[in-house]
Amino acid sequence: MPSSANKNVFTIPRYESLLSPIPRIPNPYMTGSGAQGTDPWKKVGALARAATANSKPTGSEGAGGNSSKARNHWGSLLASARSASSRLPPSKIKENVENDEIFLEEAIKLMEDQIAADKTGKVSVKGDTFKKVNRKGKPQPTQVYLNSTRDAICWESTSRLNRMMGKKPILPLDHILRVEAGQNTTNFLRTRDKKTSVEQMSFSVVTSDRSLDLIASSIPAQKVWVKALRLMMHNSKDEAAGDSLQGYLNKIWNRADEDRSGSLTHEEVCKILESLNITLSKAKAKDVMKTYDTDGNNMLDKEEFLAMMDIMLSERKEMATIMGGKTEWNAGDLAAFLREQGGGAPVTEDFAMSEIRRLSEDPNTTNLTVKTLGLLLDEAKNAVYNPVKLLEGAGGDLAKYMAHPLTDYYINSSHNTYLTGDQLQGDSTVEAYTAALQRGARCVELDCWDGAPGVPEGNDGSEPIITHGHTLCTKILFRDVIRTIKNTAFAPPANNPYPVILSIEMHCTLKFQQKMFRIVDGELGEMLYRLPDDADATMEDLPSPEELKHKILLKGKRVHKPDEPDDDDDDEEEVESTPRAGNTSQRGLQPAMSFTGKSKKKEGHDIDPDWSSLISLAAVKANLEKTGKPFEMSSFAEGKTKKICETQNGQFIRYNMRQLSRIYPFGGRIDSSNLDPCPAWGAGAQLVALNFQTDDTPMRVNRGMFLQNAGFGYVLKPPPLLAKGQPTPPMKLTVLVYSCQRLPKLGNARDVVDPYVKVEVLGAGKDKATKQTSMVQDNGFNPAFNDGKGEALEFDILMPDAAHVCISVWDQDVGSDDFIGVHSVPLLNIRPGIRHVPLDDAHEARLHMAGVLCKFTIKELTPAEAKMIRPVDSIRNLVAAPAPKQKAAVDRSLGFSPDAPPGASSTILDSPAELEGGAEF
């Protein structure tokens, strides 16, 4: 590899050319057939290569050397190119910076593995030289580049041990949540280096659990990488969502043909088959190669390789079951199948024929093969999740959908948002807020404490901080978090305009609260929603998400008024003691903490009036029997929520119709595991706060819930929880699991996976069950269960409105099984029929072309069947006496006749003694 100085002479001029407004001339306006022609791009390229060969480094800047002589010479080349282009008709000229496809095509050449020429001849050049900023804020030189398949960023490890072991870090493009220019992440903030030139060369790649923080070799290099990565991130997500077979096969070919020779040797074929989770001995692989090696050169070119893959894609045992033993279907067969899939919706044979020809890419074919039926069933448009629910407004008018009071929605909520690890010694970072907000969270948590000199580094002692108190978790500045929220809450790529709630856990003294007031007031300004002056007297409902677009609401304690209920003493203060605000010299030692974090003594709270004026959601002590003011809300610990759902469920449902409630995990969850959100959702609780850094079943269910309404983080509660409709009767769900398709290799494992499918039902009350298929050994490419006949998993579900179905694939292994992928969907959003279940990895990235094929059947349980599951009884006695009008509405939603006597039967019959949590609607 050339020296960094020589390398940058080669790359920096090309970065500048990419950012300059140089037109790319369409072919009809090119003359001559030489390398240059009259195309300014080609002329610039040729002159740049000449400049590279003749230039010598004369200086340094940024992460590597930079030739000022080359820069000056490049300026004249740009002028020459512009002069050439100016002679063309302006209507025929396209600016390169305005054409993303052209830009990306040229940028990738600078970013990936490539063969480049310098004075010593041809050498391998990997991307560019950067300075990577580590967790201590220290920049270290490294090479950063795109991998051969252009779907991941790679870099040379700065760890000596990793280099010795041959470990190369990799960051898949579809794991990226945001590419952020400047120095805004925690690693950069630790450096506090605000030198303009360095900051303009800096950028961060943010994922759900980390950030890659880089300082480029120049400002042009930074701009090219930032723009190109944003485009590639967008394209990667589109490709995964579109399930393009051609894209999948091209990616496999690029991965197999590592040396770019245009053909595959026997060793390369064996290697790629193993990576696809296909079990073949070397001898068998050699026989397969001979079958498709049409020119007899003991290698496979791309056409021969694709022919081999075509046959492998056609090997689907389950298709014999689905096709009734046939190997082909005509248009009539397919039309009948599609009618059954659509619940009897009309499908013509002409439409079926057009689908057959679309899938086969042959305008003359008349029959559907096993391969093409497999492609049809594996398409995104055949996915199990009802696509209408995924649209803005759940398929209706978005503005109308978002016009209800905040209390009518489930709101995507994060707990201890700042943490990236466990609750005892995890890192606190500002990019954790970026990640949560970009993933759809509309409520994030800030645990605020007094700062001290040097805590964190750079704090002069006057800045409030955010951390998990009484632990070894790292600290970050409150100011940095507010600025991050301001910059990312409504920003691309998510572009979510709906309101964000900041749940403030206040541990600061009055002095620091005053500083918090100045920070929030100064940074957020008009973005901050403030209560009307007469809210106490006139407000009847909270505003709607539509009314609160691009607004930030603060939830916390206010200055106590005589006519208000007590402050909310349950807001996580059973986990952390809160010092009395005021003079710290009078506060003394903080109370001792038990292992679970519970304080042995609680102290009072003084709230600064200025800070109090910013609070729009007042934290108060819950009173389920009393109607509070619309802007008052309460927090409930996991344990208290479970108890309320067991003993006061009807009251809790009604409480959540008029007030916001926030549920948070038990303080003993030191590993940052999550509570099951379904019982609280079943009782109508709006904000169930989860640890976003932990990929567990509750978090997967949360993702499935908030896929609805285009992922905006606001989902309307079901009608029974809004007193607007009857509950859905009990249901029986049958999942017939046929097969998996194209499962990915796990990390660097060499073994082919041994997959099985797990189906979990989570809901309210007793609606909790887990079942799984048998394991298929040594096949992750097309494993079929029960030899393609499928394995049936059945579930009886009493409260479908609150039920979620989580389908995951696992690799059976010695000790503990390995997670492969998952998809979660609310029960009532499942489309019956034979459906494709797409899979997401632990980073919420869609696994390209991977999935599970299942047949879903949902039928209503008869009263007799429901009675066998749970004894008949009434839940009327769970419903405390509310106001008469509200009581009548609630009774109707619960299935009671408003005039029925006590003890009358409800639509869903339950025994109070058997309640285990969740709604009884």
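A residue is called buried here when its relative accessible area is under 20%, and by that criterion 57% of the 921 residues of the chain count as buried. The model on your screen is a predicted one, and its secondary structure comes to 29 helices and 35 strands. If you colour the chain by residue number before starting, keep in mind that, among contacts between residues at least 6 apart in sequence, 69% join residues at least 24 apart.

**First stop: strand S18 and its partners**

Select residues 443-449, which form strand S18. Seven of the seven residues of S18 are buried, so the strand is largely enclosed by the rest of the structure. In a regular strand the side chains alternate between the two faces of the sheet. With side chains displayed, you can follow Cys443, Glu445, Asp447 and Trp449 on one side of S18, and Val444, Leu446 and Cys448 on the other, with both faces covered.

Now add strand S21, residues 500-506, which runs parallel to S18 and is joined to it by six bridges. To find one place where the two strands pair, go to cysteine 443, whose bridge partner in S21 is isoleucine 501. Strand S19, residues 465-466, runs antiparallel to S18 and is joined to it by two bridges; here cysteine 448 has isoleucine 466 as its bridge partner.

**Second stop: the loops around these strands**

Leave S18 by the loop that leads to S19, where you will find proline 456. The peptide bond between valine 455 and proline 456 is cis, with omega about -10°. Moving on past S19, select histidine 470, which sits in the loop between S19 and strand S20 (476-477). Histidine 470 is not a glycine, yet its phi is positive, at about 60°, and with 40% relative accessibility this residue counts as partly exposed.

A further cis peptide bond, with omega near 5°, links proline 492 to proline 493. Proline 493 belongs to the loop that connects helix H20 (478-488) with strand S21, and following that loop forward brings you back to the strand paired in parallel with S18.

**Third stop: helix H21**

Continue to residues 510-524, the 15 residues of helix H21, which reaches 21 Å from its first C-alpha to its last, close to the 21 Å expected at 1.5 Å a residue. Which residues of H21 are buried? They are Phe512, Gln513, Lys515, Met516, Phe517, Ile519, Val520, Glu523 and Leu524, a list worth saving as a selection of its own. These buried residues pack against S18, H20 and S21, as well as against strand S22 (552-556) and helix H23 (609-612). After H21 comes glycine 525, which has a positive phi near 50°.

**Fourth stop: helices H14 and H15**

Turn next to helix H14, residues 331-341, and view it together with H15; the two helices pack at an angle of about 105°, and their axes are 8 Å apart. H14 and H15 are therefore roughly perpendicular to each other. At their contact, Ala331, Gly332, Leu334, Ala335 and Leu338 of H14 meet Glu349, Phe351, Ala352, Met353, Glu355 and Ile356 of H15. By class, this contact of H14 with H15 has eight nonpolar, one polar and two charged residues.

From H15 (349-360), step into the loop towards strand S15 (368-369) and select glutamate 361. Its phi is near 55°, a positive value in a residue other than glycine. Is glutamate 361 buried or exposed? Glutamate 361 is exposed, with a relative accessible area of 70%.

**Fifth stop: two buried residues**

Select asparagine 277, which is found in the loop between helix H10 (266-275) and helix H11 (282-292). Although placed in a loop, asparagine 277 has 0% relative accessibility and counts as buried. Leaving aside neighbours within four places in sequence, asparagine 277 is in contact with Leu743, Pro744, Lys745, Asp751, Val752, Val753, Asn779, Gly780 and Phe781.

Finish at leucine 839 in strand S34 (833-840), which also counts as buried, at 0% relative accessibility. Measuring tools in the viewer can be set on leucine 839 and isoleucine 807, which are 32 residues apart in sequence and 8.7 Å apart in space, C-alpha to C-alpha. Beyond its neighbours within four places in sequence, leucine 839 has contacts that include Leu743, Ile807, Val809, Val822, His823, Leu847 and Val852. Leu743 is thus a residue to keep displayed from the previous selection, as it is also among the contacts of asparagine 277.

Conventions
Residues numbered from 1 in each chain as written. Predicted model: local features only at pLDDT ≥ 70, side-chain atom pairs only at ≥ 80, totals over all residues. Heavy atoms only, no water. Helix = DSSP H or I, 4+ residues; strand = E, 2+ residues; numbered from the N terminus. Buried < 20%, exposed > 50% of the residue type's maximum accessible area, 1.4 Å probe, protein only. Contact = heavy atoms within 4.5 Å. Axes fitted to C-alpha atoms, helices over the stretch in contact; angles between N-to-C directions. Parallel < 35°, antiparallel > 145°, perpendicular 65-115°, else oblique. Nonpolar A, V, L, I, M, F, W, Y, C, P; charged D, E, K, R; others polar. Expected span 1.5 Å × (residues − 1). Pairing = 2+ DSSP bridges.
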